[in-house]
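Here is a colleague's note for someone opening this entry for the first time. Please keep the sequence and the 3D view at hand while reading the points below.

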Amino acid sequence: MTSKAKVKGNSWERECAKGLSKIFGYNFERCKGSGAFVGGKNSIRKIKLSETQLVSSMADIIPPTEMKNMVVECKFYKDFPFYMFLQNKSIPLIDSWIEQQLDVVVDMNFWFIAFKINRVGSYIVIPEKICNFIDDRIGNHSIYYYNNEKYIVSEFFPFIELYKNEILKKSA
């Protein structure tokens, strides 16, 4: 029997895939597995997998061939400590998400974390170094530091829509 948390997570993955499909005009699909297949102790599997196998097992969303370097991890939580962005403290939840992604991605990947908080909204965590296209159009957002690297935290779908063309080029 599937837990409520798993059902909630699966629904966000489907919503995320549907939204990305609508924005980019390509088909994104929810992956039945997860990044754990090639993350952490399983990272040795990356050596043995074909490119197609690797792309389809790196994260929660399988990107279209046209955007094969995109790696999308989805998280859905009841609460999130947004106030900690203003306290100059690390947020263990974000730290663990970033660590999980860093275990899975390779240098050529354009990766981000799409997270949703109950009755609040959906957001993106993306490394600043891979999104050098950010400009003043972004509006309100937060900068988050983890291991001396900068990450942008912003509203998810508005960010994707705003930088659609740049993301398409980076993830091809």
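**Notes on the fold and two of its buried residues**

1. A good place to begin is a pair of valines: the bridge partner of Val-125 is Val-153, which belongs to β7. The reader should bear in mind throughout that this is a predicted model.

2. The pairing just named is part of a longer contact between strands, since β5 and strand β7 (residues 149-155) run antiparallel and are joined by five bridges. On another side of the account stands strand β4 (residues 110-117), which also runs antiparallel to β5 and is likewise joined to it by five bridges. Within that second pairing, Phe-115 has Tyr-123 of β5 as its bridge partner.

3. The connection between β4 and β5 is a hairpin with three residues between the strands, and in this hairpin Arg-119 takes a positive phi near 50°.

4. Why can strand β5 be called largely enclosed by the rest of the structure? Six of the seven residues in this strand, which spans residues 121-127, are buried, and therefore the description holds.

5. Val-153, which has its place in strand β7, deserves a closer look. Its relative accessibility is 6%, and because buried means under 20%, Val-153 counts as buried. Beyond its neighbours within four places in sequence, Val-153 is in contact with Phe-85, Phe-115, Ile-124, Val-125, His-141, Ser-142 and Tyr-144. Of these partners, Phe-85 is 68 residues away from Val-153 along the chain, while the C-alpha atoms of the two are separated by 9.8 Å.

6. Ser-171 offers a second case, this time from a helix, as it lies in α6 (residues 164-171). With a relative accessible area of 0%, Ser-171 is buried. Once its neighbours within four places in sequence are set aside, the contacts of Ser-171 are Glu-66, Met-67, Lys-68, Asn-69, Met-70 and Phe-110.

7. For the overall picture, the protein contains six helices and seven strands, and from the N terminus on these elements follow the order α-β-α-α-β-β-α-β-β-β-β-α-α. Of the 172 residues in the protein, 47% are buried. Where contacts between residues at least 6 apart in sequence are considered, 66% of them join residues at least 24 apart.

8. Finally, as regards the surface, the accessible area of the protein comes to about 9700 Å², and carbon and sulfur atoms account for 51% of it.

Technical notes:
Residues numbered from 1 in each chain as written. Predicted model: local features only at pLDDT ≥ 70, side-chain atom pairs only at ≥ 80, totals over all residues. Heavy atoms only, no water. Helix = DSSP H or I, 4+ residues; strand = E, 2+ residues; numbered from the N terminus. Buried < 20%, exposed > 50% of the residue type's maximum accessible area, 1.4 Å probe, protein only. Contact = heavy atoms within 4.5 Å. Areas by Shrake-Rupley, 256 points an atom, 1.4 Å probe, with all protein chains shown as cover. Pairing = 2+ DSSP bridges.
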